[in-house]
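User: Please take a close look at salt bridging in this model. I would then like that part placed in the context of the elements around it.

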Amino acid sequence: MVICCIGTPKVIGDSLAPKVGDALLKHNINAFIYGTSSNPITALNYMTYYNHIKNCHKDDFVIAVDCALGNKPEIGSIKLTKHGIMPGKAIGKELQTIGNIGILGQVGDIKKPPFEELKNANDNVVNSLVEKIVTIIITLQDALYLNKKSAI
């Protein structure tokens, strides 16, 4: 399993995924984790990580994690996608889609200027989402491990 956490710790809302990467390392889960506060995946280095994951983890299940903007009532919620995510979409970036599934933490209002929403996101909301996403990933990892074990 590969976890690809996309974002920068320099912007409150965008720090969501690197914080997830940090927390997963502390939990010592059995997965390759890319994107942490000390080694973030940003728009500048995204394609390097994308190519590495595509070339070195061809048969691995990839979970992509990123922050997102949504409708105001959705702030603080988590959106799961079946076909990965396209990072940077909310701020007009067009990067390659990554992941078998995507986990998006809704950190701000899509109807407001995107960068301002990411910059001014509520740190408590971000940290709460980090905890929820880490729990989801650990549960998925456990389910995948049990599924492989029962297939043996």
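Analyst: **Salt bridges and their setting**

In this predicted model, Lys119 has a relative accessibility of 38% and therefore counts as partly exposed, since that class lies between the cut-offs of 20% and 50%. Lys119 forms a salt bridge with Glu116, and the closest N and O atoms of this pair are 3.4 Å apart. Glu116 is likewise partly exposed, because its relative accessibility is 35%. Both residues belong to helix H3 (residues 114-119), where a spacing of three residues places them about one turn of the helix apart.

The structure holds two salt bridges. The other joins Asp123 to Lys19, with 3.2 Å between the closest N and O atoms. This pair links distant parts of the chain: Asp123 lies in helix H4 (residues 123-151) and Lys19 in helix H1, 104 residues apart. Asp123 has 36% relative accessibility and so counts as partly exposed. Lys19 falls in the partly exposed class because its value is 23%, and the cut-off for buried residues is under 20%.

Through Lys19, the second salt bridge leads to the β-α-β unit. Helix H1 (residues 16-27) forms this right-handed unit together with strands S1 and S2. S1 (residues 2-5) and S2 (residues 32-34) run parallel and are joined by three bridges; the bridge partner of Ile3 in S2 is Ile33. S1 also runs parallel to strand S3 (residues 62-70), to which four bridges join it. Ile3 stands opposite Ile63 in S3, so that Ile3 has a partner in S2 as well as in S3.

Both faces of S1 are covered. Val2 and Cys4 are buried on one side, while Ile3 and Cys5 are buried on the other.

Helix H2 (residues 46-56) is connected with this picture, as S1, S2 and S3 are among what covers its buried residues. Those buried residues include Tyr46, Tyr49, Tyr50 and Ile53. They lie on the same side of H2 because they cover an arc of only 105° around the axis. Thr48 and Asn55, by contrast, are exposed on the other side of the helix.

Key
Residues numbered from 1 in each chain as written. Predicted model: local features only at pLDDT ≥ 70, side-chain atom pairs only at ≥ 80, totals over all residues. Heavy atoms only, no water. Buried < 20%, exposed > 50% of the residue type's maximum accessible area, 1.4 Å probe, protein only. Helix = DSSP H or I, 4+ residues; strand = E, 2+ residues; numbered from the N terminus. Pairing = 2+ DSSP bridges. Right-handed = clockwise from strand over helix to strand, strands pointing away. Arc of directions from axis to C-beta. Contact = heavy atoms within 4.5 Å. Salt bridge = Lys/Arg side-chain N within 4 Å of Asp/Glu carboxyl O.
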